[in-house]
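Here are some short questions and answers for a first look. Keep the structure open as you read.

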Amino acid sequence: LKFVFAEAERVSGTINDLVIIAPSSVSQAQLELLLGILNALDRTPSAILDRALLHQHLIGKAGLHLDLQWRQMLATEVALENGELIVGKSSAIPGSGYLDLLEQCLEHCADMCVEQTRFDPRRSADAEQLLFNAIPEALATLSRHEEAALSVNGYDFKVSRSGLEFVG
């Protein structure tokens, strides 16, 4: 954190107001630890906000806030009571985080590579990493087109949007 603050101040100048925006899954003990560390750095936050509540406030109504984290999805209920937004139950859905979704895409793309070229990129760490790195761009292409072309170690193949629907 000391480094993060130093870099932020180097780039943007003095930090006069610090606000922590945390997901609903952060426990009281985790917040206390963070506040203790910030106190040791002589940094006192002016507010601690729940990310789901902040998002629902921006859109102006109650709902279910989905927070895609590294290894889980966090679903937080936000209700409207007497004109005020209230954070309700928060449930973690393990195994459905960002990295999990990318791994499912990787498996499907590798299967398509094998099916179309007979080359299995999972047999080589380098080839598998190349395929993994290509997935975000392929997903961006699939947001606009039905198919995306991929190439790994000189093997060209295609994946379709409909082929990846199971991940969603």
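Q: In which helix is Val4 found?
A: Helices (H or I, at least four residues) and strands (E, at least two) are DSSP runs, numbered from the N terminus. By that numbering, Val4 is found in helix α1.

Q: How are residues numbered, and what kind of model is this?
A: Residues count from 1 along each chain as its sequence is written, and side-chain values use heavy atoms, with hydrogens and water left out. Local features need pLDDT of at least 70, side-chain atom pairs count only at pLDDT 80 or more, and totals for chains, interfaces and linings use all residues, as this is a predicted model.

Q: Which element gives the most to the largest nonpolar core?
A: A nonpolar core is a set of buried Ala, Val, Leu, Ile, Met, Phe, Trp, Tyr and Cys residues joined through side-chain atoms within 4.5 Å. Buried means under 20% relative accessible area, exposed over 50%, partly exposed in between (1.4 Å probe, protein chains only). Of the 20 residues in the largest core, those that touch the most other members include Cys109, Leu131 and Phe157. α4, α5, β6 and β7 each give two or more residues, and the top giver, with seven residues, is α4.

Q: What covers the buried residues of α4?
A: The buried residues of α4 include Leu99, Asp100, Cys109 and Thr117. Their cover, counted by contact (heavy atoms within 4.5 Å), includes β4, α5, β6 and β7.

Q: How far apart are the end C-alpha atoms of α4?
A: The expected span of a helix is 1.5 Å times one less than its number of residues. α4 has 20 residues, so it should span 28 Å. The distance between its end C-alpha atoms agrees: 28 Å.

Q: Is Asp100 buried or exposed?
A: A salt bridge is a side-chain nitrogen of Lys or Arg within 4 Å of a carboxyl oxygen of Asp or Glu. Asp100 forms one with Arg71 (2.5 Å, N to O). The pair links helix α4 to the loop between β3 and β4, 29 residues apart. Arg71 is partly exposed at 41% relative accessible area, whereas Asp100, at 10%, is buried.

Q: Which residue meets Arg10 in a salt bridge?
A: Arg10 is exposed, with a relative accessible area of 59%. Its partner also lies in helix α1, three residues apart, about one turn of the helix. The two side chains meet at 2.9 Å, N to O, and the partner is Glu7.
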